[in-house]
Amino acid sequence: MADFPDFDPAPGLTKSSAPKVQKVQFGDGYEQRFTFNLNQNPKIYNLTFNVSESESDTIEAFLDARAADNANFTYTPPGESSASKFVCEDWSKSIPLPDRATIQATFREVFEP
């Protein structure tokens, strides 16, 4: 398992949660909810990295390698105290200025060995 390169994202990231909850609704309006399986609340981070062109090549090569080997990677999101395992299934790169690049990526938390 690889560690994501040591680059800090730009301020303003988005963290999403979508707990996997099963629910049963009865005719009288009563509803019962329960969690299904372990690790039912993965987090999704939308991150933006404003870096140099060479640093963006490092990030892009890392993400391309994870896409090729279908492996997860460890990353410690800003404001979190410990690293978690993530996959990145989509990202984009723009080059707004000479020798500057912006990478936007979505990291989805996974619970794998």
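Which residue lies over the face of F62? R66 does, at 4.9 Å from the ring centre; a charge counts as over a ring if NZ of Lys or CZ of Arg is within 6 Å of the ring centre and within 35 degrees of the ring normal.

This is a predicted model, in which local features need pLDDT of at least 70 and side-chain atom pairs count only at pLDDT 80 or more, while totals for chains, interfaces and linings use all residues. Residues are numbered from 1 along each chain as its sequence is written, and side-chain values use heavy atoms, with hydrogens and water left out.

## Sheet and helix

Six strands make up an open sheet with mixed pairing, in the order β1-β6-β7-β8-β5-β2. Helices (H or I, at least four residues) and strands (E, at least two) are DSSP runs, numbered from the N terminus. Two strands pair if DSSP finds at least two bridges between them. The edges are formed by β1 (2-3) and β2 (14-17), each of which pairs on one side only.

At one edge, β1 runs parallel to β6 (residues 73-75), with two bridges between them. Here A2 stands opposite F73 of β6. Helix α1 (residues 53-69) packs on the sheet and touches β1, β5 (43-52), β6, β7 (84-97) and β8 (100-109); contact means heavy atoms within 4.5 Å. The direction of α1 makes about 140° with that of β7, where axes are lines fitted to C-alpha atoms, for helices over the stretch in contact, and angles run from 0 to 180 degrees between N-to-C directions.

At the other edge, β2 and β5 are antiparallel and share four bridges, with K15 opposite Y45 in β5. Strand β5 also pairs with β8, again in the antiparallel sense, through nine bridges. In that pairing F49 stands opposite I103 of β8. In a regular strand the side chains alternate between the two faces of the sheet.

## Aromatic residues

The whole structure contains 12 aromatic pairs. Rings of Phe, Tyr and Trp (its six-membered ring) pair if their centres lie within 6.5 Å; planes under 30 degrees apart count as stacked, over 60 as edge-to-face and the rest as tilted. Two of the pairs are described here.

F4 and F49 form a tilted pair, with 5.5 Å from centre to centre and 35° between the planes. This pair links distant parts of the chain, since F4 is in the loop between β1 and β2 and F49 is in strand β5, 45 residues apart. F4 counts as buried because its relative accessibility is 8%; the classes are buried under 20% relative accessible area, exposed over 50% and partly exposed in between (1.4 Å probe, protein chains only). F49 is also buried, at 0%.

F62 and F73 form an edge-to-face pair, 5.4 Å centre to centre and with 80° between the planes. F62 belongs to helix α1 and F73 to strand β6, so this pair ties together parts that are 11 residues apart in sequence. Both residues are buried. F4, F49, F62 and F73 are among the members of one aromatic cluster, which also includes Y45, Y75, F86 and F107.

## Loop between α1 and β6

N72 lies in the loop between α1 and β6. What does the side chain of N72 make a polar contact with? The partner is the side chain of E112, at 2.7 Å. A polar contact is a pair of N or O atoms within 3.5 Å; within protein, one must be able to donate a hydrogen and the other to accept it, and residues adjacent in sequence count only if both atoms are side-chain atoms. Not counting residues up to four places away in sequence, N72 touches M1, A2, R66, K85, F86, V87, V110, E112 and P113.

N70 is found in the same loop, between α1 and β6. Phi of N70 is near 55°, a positive value in a residue other than glycine. D99, in the loop between β7 and β8, likewise has a positive phi, near 60°, and is not glycine.

L97 is in strand β7. The C-alpha atoms of L97 and E53 are separated by 9.5 Å, and the two residues are 44 residues apart along the chain.

The table gives the accessibility of four of these residues.

| Residue | Class | Relative accessible area |
|---|---|---|
| N72 | buried | 6% |
| N70 | exposed | 69% |
| D99 | exposed | 53% |
| L97 | exposed | 51% |
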